[in-house]
Amino acid sequence: MDVYEAVESRRSVRAFEDRPVDRDALLRVLTAAAQAPSGGNLQPWHVYVVIGERLAHLKERIAARIAAGDSGDPLEVAAYPAPLSNPYRERLEEFGQRRYGALGIDHDDHQARARVRAGNWDCFGASTALFCYLDRNMPPPQWGDAGMYLQTVMLLLRSEGLHSCPQIAWAEYHRSVAEVVAPPSRRLLYCGMSIGYPDSAAPQPPIPRAPLSETVTFLR
């Protein structure tokens, strides 16, 4: 697949078929993704791929917590700055309108929104999850390195005919994830990623990007 096609076709899929992902395809992707750049070649990411019974167990653990009214663990890293200023706030609100609007859910229907959001911790039905950790003492540049690594993974997944969804929402239940994947205590959960084959029957609303004039400045 051409790299431009991979970038254009990559999207955050939030409805997957319950279909296993070929292990050899994952090995090819993760082997190639190791070529992603990192400052000083630190390669600060630590990845756990979870499938089968272990992933089912993790999904069940978090589902039980949600059913019991548990809203999650104290965040170790804020997902967004507070307060969130424009244009970022406007972009986040537009995303919510498109995401929930495609499902026919009203802005004020908080229970329905919560049910949809809980799909994060079911991997949106996907059979494979990837969890990315960094050592706690890593400063922002290494988090940027991990982001470049994850983007490389997502583009390579497209070359294998697979889709993905990166999810910072997993950090809200980081203790349950840690109980299942057992990372060293020095590591901090950055995000999870659902991997699989999209459910073509589910709505996948397009999420627009800002015009280039808002995000790029050419100087001469």
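Here is a short conversation about Ser194 and the sheet around it.

Author: This is a predicted model, where local features need pLDDT of at least 70, side-chain atom pairs count only at pLDDT 80 or more, and totals for chains, interfaces and linings use all residues. Residues are numbered from 1 along each chain as its sequence is written, and side-chain values use heavy atoms, with hydrogens and water left out.

Reader: Why is Ser194 called buried?

Author: Buried means under 20% relative accessible area, exposed over 50%, and partly exposed in between (1.4 Å probe, protein chains only). Ser194 has a value of 0%, so it is buried.

Reader: What makes the pair Ser194 and Gln167 a polar contact?

Author: A polar contact is a pair of N or O atoms within 3.5 Å; within protein, one must be able to donate a hydrogen and the other to accept it, and residues adjacent in sequence count only if both atoms are side-chain atoms. The side chains of Ser194 and Gln167 come to 2.6 Å, so they fit that limit. The side chain of Ser194 also reaches the backbone oxygen of Cys123, at 3.4 Å.

Reader: How do you know that β3 and β4 pair?

Author: Strands are DSSP runs of E, at least two residues, numbered from the N terminus. Two of them pair if DSSP finds at least two bridges between them. Five bridges join β3 to β4, so the two strands pair, and they run antiparallel. One of the bridges links His163 to Gly196 in β4.

Reader: Where does β4 sit in the sheet?

Author: The order of this open, antiparallel sheet is β1-β2-β4-β3. The edge strands are β1 (46-51) and β3 (163-167), each pairing on one side only. Ser194 itself lies in β4, which covers residues 187-196.

Methods
Helix = DSSP H or I, 4+ residues; strand = E, 2+ residues; numbered from the N terminus.
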